[in-house]
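Here are a few exercises to work through with the sequence and the model side by side. Try each task before you read its solution.

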Amino acid sequence: MSFEEGPEFNSNYVVGSYNKDFEYGSDEPDNDLHGSDSEDQKPRILLMGLRRSGKSSIQKVVFHKMSPNETLFLESTNKIVKDDISNSSFVQFQIWDFPGQIDFFDQTFDSEMIFGGSGALVFVIDAQDEYIEALSKLKMTVQRAHKVNPEIKFEVFIHKVDGLTDDHKIETQRDIHQRANDDLIDAGLENVNLSFYLTSIYDHSIFEAFSKVVQKLIPQLPALENLLNIFITNSAIEKAFLFDVISKIYIATDSTPVDMQSYELCCDMIDVVIDISCIYGLKEDEANAFNSKSSNIIKLNNRTVLYLREVNRFLALVCILREDNFNRQALIDYNFHCFRQAITEVFDVRFKSPKSSRSMSRTHSNVDNVLTNGYAVKP
């Protein structure tokens, strides 16, 4: 296994990232609800809610890098919009944005086809508006979706909370949580679990909420968390996130609690890498500066270090650690190389279904043997 040591940057070191105009691809309205075979194989996330609740703004800000202020000029959605998020074998899914006026009892509404192949349903509620009608729509949506697909996961975004005080946020979340669960009990759906998030496109809360939604669609999530736990334990790292760089949602993190400020720092670090790389990171013959040598170190005035390493063209590992522990950067880099190899093997397992269990066990065993706190042990 190769090992590259780079304790300090030099004048020849190039930090890489994306062009600013890089994104997943265009989204286009589609009246045909019957997707192709390749589309049907990907998990779907359904965005639903009343008109003007902020569904399209969430999609544009998170997955198409639109400025929150620009969303003020978005027109109301009047047809189903499909957005394909396919950056690699690590993260693949579709987002379907539904118009708020959709009628579940319309004969043209094919509940079996829409809910049957969906992994998650995100229902957006405008916290700055009267939400009694929204809760009624939520109840109807959950009833219809759960009847068709009992495995679908329900996520409720209590949105536009940037205009509320902290006390009002807590009270609004408590009230919506209580009313929504009471409605489900009255409908005989007490076993259905709703997850609630306070969100706004003007801060990082919407990215963290969508991170939790996407993580539930990744079957390899327990393996990724286990690998991150091994990595931070043997590298003296306090917190580690595996980021999708384009959207800044994290597809996995270690088992320690997520601190919102730490997450925001990591997101800001990715922004810095992208902005600087777009200016200085591209050579004349390169189209994408984010490559296998991409790395970044930021030292804060509280003796904390942020360390970013490229995993592949779309994923980055961002670590938070104490400056004293970063003196062992050579060890951290070696463990990172082992981690990157192991994470690739984890996702390769799904393409070898007859040996999936045995392959996964062997991968974990190799990582346990190779990731060390000071010495390399032969696998």
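## Exercise 1: The cysteines

C266 is buried, at a relative accessible area of 0% (buried means under 20% relative accessible area, exposed over 50%, and partly exposed in between, with a 1.4 Å probe and protein chains only). Before going on, note that this is a predicted model, in which local features need pLDDT of at least 70 and side-chain atom pairs count only at pLDDT 80 or more, while totals for chains, interfaces and linings use all residues. Residues are numbered from 1 along each chain as its sequence is written, and side-chain values use heavy atoms, leaving out hydrogens and water.

**Task.** Find how many disulfides the structure holds, taking a disulfide as a pair of cysteine sulfur atoms within 2.5 Å.

**Solution.** Start at C266: the closest cysteine sulfur belongs to C267 and lies 7.1 Å away, too far for a bond. Next, look at C338, which is also buried, with 6% relative accessibility. The count for the structure is zero disulfides.

## Exercise 2: Strand β4 and its partners

**Task.** Work out which way strands β2 and β3 run relative to β4, and why β4 is largely enclosed.

**Solution.** Strands here are DSSP runs of E with at least two residues, and helices are runs of H or I with at least four, numbered from the N terminus. Two strands pair if DSSP finds at least two bridges between them.

1. Take β2 (residues 44-49): four bridges join this strand to β4, and the two run parallel. L47 has D97 of β4 as its bridge partner.
2. Turn to β3 (residues 81-86), which pairs with β4 in the antiparallel sense over six bridges. Here K82 stands opposite W96 of β4.
3. Now check burial: β4 (residues 92-97) has five of its six residues buried, so the rest of the structure largely encloses this strand.

## Exercise 3: Two lysines with positive phi

**Task.** Place K160 and K248 in their loops, then decide for each: buried, partly exposed or exposed?

**Solution.**

1. K160 sits in the loop between β6 (153-159) and α5 (166-186). Its phi is near 65°, a positive value in a residue other than glycine. With 25% relative accessibility, K160 is partly exposed.
2. K248 belongs to the loop between β8 (239-244) and β9 (249-253). Phi of K248 is likewise positive, near 65°. At 13% relative accessibility, K248 is buried.
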